[in-house]
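Reader: I would like a close look at one part of this protein chain, followed by how that part sits among the rest.

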Amino acid sequence: MALLGDELVTALCKPLTAGAVLVLVSLLVAGCTDGATPSGPPSASATGKPTMTQSPPGESEEDQGKRAKAALETVSPDDPEFVESGLERVREGVHSLSPLKKGKAYKLSVACVGTGTVKVVIADKPPQSVPCDGVPAGQRVENAPAQLPIDINAAAGATGMVAWQIISLPS
């Protein structure tokens with residue numbers, strides 16, 4: 001039986017096409033598994049738990065500052081609840097004596113973006129440790145003094161930017 005021209009090409013293509021499909025499927029299956037079994041606890045993404053937002057490598061201070069301020073921007077500086085806010089480098093810290101209406105209730109919010117943690121001290125309250133993960137932390141100040149001392153200092157090795165904001169709370 002002699003095959004000529006188109007018949008020869010068709011006869012050769014069918015086995016080659018089937019073989020190519022089998023090789024491709026084998027590569028895809030082999031590429032998706034390495035034969036290893038998982039060890040250790042599942043990752044946060046595998047468990048569905050929320051994860052911290054770490055700073056991307058090489059993120060500039062300006063970008064870190066924008067992220068820190070964005071974490072706090074729930075009250076506009078034009079709103080009557082807004083009292084005061086600021087943004088500083090973590091290594092420089094925040095050292096403020098904020099004027100308030102004595103006896104009124106306020107909330108101080110702090111967001112740090114970078115690495116490590118900062119220590120927040122408000123007046124005579126115990127220090128609060130805030131991770132530099134971009135998640136804001138808040139602390140109420142009841143029966144405020146006329147001037148509220150705020151100190152935010154870097155823990156060893158901490159870097160990044162820290163934003164803070166004071167708002168008045170309804171009486």
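Along strand β2 (residues 94-99), which side chains point to one face and are buried, and which point to the other?

Author: V94, S96 and S98 point to one face of β2 and are buried, while H95, L97 and P99 point to the other face and are not buried. Buried means under 20% relative accessible area, exposed means over 50%, and partly exposed lies in between, with a 1.4 Å probe and protein chains only. In a regular strand the side chains alternate between the two faces of the sheet.

Some ground rules come before the rest. This is a predicted model, in which local features need pLDDT of at least 70 and side-chain atom pairs count only at pLDDT 80 or more, while totals for chains, interfaces and linings use all residues. Residues are numbered from 1 along each chain as its sequence is written, and side-chain values use heavy atoms, with hydrogens and water left out.

β2 pairs with β6 (147-154) in the antiparallel sense, over 6 bridges. Two strands pair if DSSP finds at least two bridges between them. S96, one of the buried residues of β2, stands opposite I150 in β6.

Either side of β6 there is a loop. In the loop between β5 (137-141) and β6 lies N143, whose phi is near 50°, a positive value in a residue other than glycine. N143 is exposed because its relative accessibility is 59%. The loop between β6 and β7 holds G157, which counts as exposed because its relative accessibility is 66%. G157 and R91 are 66 residues apart along the chain, and 8.9 Å separates their C-alpha atoms.

Another antiparallel pair is formed by β3 (residues 106-122) and β4 (residues 128-133), over 5 bridges. In this pair V113 has D133 of β4 as its bridge partner. The hairpin has 5 residues between the strands, and A123 takes a positive phi near 45° there. A123 is not a glycine; it is partly exposed because its relative accessible area is 34%.

β7 (159-168) also takes part in the lining of the largest pocket, where α3 (61-72) and β1 (82-89) likewise give two or more residues. The lining consists of K69, L72, E73, V75, P77, F82, S85, G86, A163, W164 and Q165. A pocket is an open set of points on a 1 Å grid over the protein atoms alone, where a 1.4 Å probe fits, with protein on both sides within 12 Å along at least five of seven lines; lining residues have an atom within 4 Å of a point. The volume is about 160 Å³, taken as the space filled by probe spheres set on the points, which are joined across faces, edges and corners.

In the chain as a whole there are 3 helices and 7 strands, in the order α-α-α-β-β-β-β-β-β-β from the N terminus. Helices (H or I, at least four residues) and strands (E, at least two) are DSSP runs, numbered from the N terminus. Of the 171 residues, 29% count as buried.

Confidence is uneven. The average pLDDT, the predictor's confidence in each residue from 0 to 100, is 78, and 67% of the residues score at least 70. Over residues 20-53 pLDDT stays under 50, and the model has 7 contacts (heavy atoms within 4.5 Å) beyond four places in sequence for them. Where pLDDT is low, the predicted coordinates should not be read in detail.
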